[in-house]
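Please look through the sequence and the structure shown below before reading on. The paragraphs that follow lead from single pairs of side chains to the chain as a whole.

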Amino acid sequence: FWKGYLECHPEFSSHPAYNGLVREPHRYIPCKMFEDEGGVGKRRGMQVAHWSPLLSCKPTLDNRFPMYVVDNRTSLGSVTTKSLIEKLVWSWEVCLTGLWPEHDDAGSLLTGKRARYAASPLCGLFKLILIFVTMDWKAAVAAFNLPWHFGTTPSICHLCDAEIDGIKSFAQ
């Protein structure tokens, strides 16, 4: 997997884990994150995010691990999303070290049961590395505060500057 992935994604050479991954690719488990908006009943919306190993062949219920579920009624929109994304970034950085953290996401020294795990292996000899994020356009706009999207005119794509119509129409 990693040989093919690194050949197809030369930009990955700037990733902090690149050298370790090249030396010991068998120690890095590629993971993906999925986020989407869902509903409970007719009037309750929610944002749901989970992660899973990219190469798993297990049934969905056995390989999807929830990261957060946010009731839209209690969410403050991008304020809530920004905070969640910051926590996720910290969590994935911890997963990449392969060790239980000594400090929480705010930098405070852990105490109690969590402190006893500090610096011990998180996932045996393996490290989890997030390489793929899937979400619909609406969720991506909210999560990453994208300036261009389907609700702006004329540019609607933050990657290719596609437009609603004309010579750069996304439909063509």
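Why are Lys 3 and Glu 7 separated by about one helical turn? The model in view is a predicted one, and in it both residues belong to helix H1, which covers residues 2-8. Because Lys 3 and Glu 7 stand 4 residues apart in that helix, about one helical turn lies between them. The two side chains form a salt bridge, in which the closest N and O atoms are 2.6 Å apart. Both partners of this bridge, Lys 3 and Glu 7, are exposed. In general terms, side chains of opposite charge can pair when their charged atoms come close.

How many salt bridges does a search of the whole structure find? The search yields 3. Another of them joins Arg 27 to Glu 24, with 3.4 Å from N to O. Arg 27 has a relative accessible area of 23% and is therefore partly exposed, since buried would require a value under 20%. Glu 24 is likewise counted as partly exposed, at 33% relative accessibility.

A further salt bridge brings together the side chains of Asp 105 and Lys 87, at 2.5 Å from N to O. Lys 87 is part of helix H4 (78-97), whereas Asp 105 sits in the loop between helix H4 and helix H5 (112-117), so this pair ties together parts of the chain that are 18 residues apart in sequence. Asp 105 is partly exposed with a relative accessibility of 36%, and Lys 87 is partly exposed with a value of 40%.

Charge can also be considered over the entire chain. There are 18 positive and 17 negative side chains, and a distance of 9 Å separates the centres of the two sets.

Aromatic rings offer another view of helix H1. A pair of aromatic rings is described by the distance of the centres and the angle of the planes. The structure holds 8 aromatic pairs, and one of them consists of Trp 2 and Tyr 5, whose ring centres are 5.7 Å apart and whose planes meet at 85 degrees. This pair counts as edge-to-face because its angle is over 60 degrees. Trp 2 and Tyr 5 are both located in helix H1, 3 residues apart, which is about one turn of the helix. Both Trp 2 and Tyr 5 are buried. Ring pairs also link these two residues with Phe 1 and Phe 12 into a cluster.

Where does Phe 34 lie? Its place is in strand E1, which spans residues 28-40. Phe 34 is partly exposed, with a relative accessible area of 34%. Leaving aside residues up to four places away in sequence, Phe 34 touches Val 48, Ala 49, His 50 and Thr 134. Phe 34 and Val 133 are 99 residues apart in sequence, yet their C-alpha atoms are 5.9 Å apart in space.

The chain as a whole can now be described. It has 6 helices and 4 strands, and from the N terminus on these elements follow the order α-α-β-β-α-β-α-α-β-α. The C-alpha trace spans about 55 × 45 × 35 Å along its principal axes. Of the 172 residues in the chain, 30% are buried. Among contacts with a separation of 6 or more, 40% are between residues 24 or more positions apart. The chain exposes about 11600 Å², and carbon and sulfur atoms supply 60% of that area.

Methods: Residues are numbered from 1 along each chain as its sequence is written. This is a predicted model: local features need pLDDT of at least 70, side-chain atom pairs count only at pLDDT 80 or more; totals for chains, interfaces and linings use all residues. Side-chain values use heavy atoms; hydrogens and water are left out. A salt bridge is a side-chain nitrogen of Lys or Arg within 4 Å of a carboxyl oxygen of Asp or Glu. Helices (H or I, at least four residues) and strands (E, at least two) are DSSP runs, numbered from the N terminus. Buried means under 20% relative accessible area, exposed over 50%, partly exposed in between (1.4 Å probe, protein chains only). Contact means heavy atoms within 4.5 Å. Accessible areas come from the Shrake-Rupley method with a 1.4 Å probe; for residues, only the protein chains shown count as cover. Lys and Arg count as positive and Asp and Glu as negative; His and the chain ends are not counted. The place of a charge is taken as NZ of Lys, CZ of Arg, CG of Asp or CD of Glu. Rings of Phe, Tyr and Trp (its six-membered ring) pair if their centres lie within 6.5 Å; planes under 30 degrees apart count as stacked, over 60 as edge-to-face and the rest as tilted.
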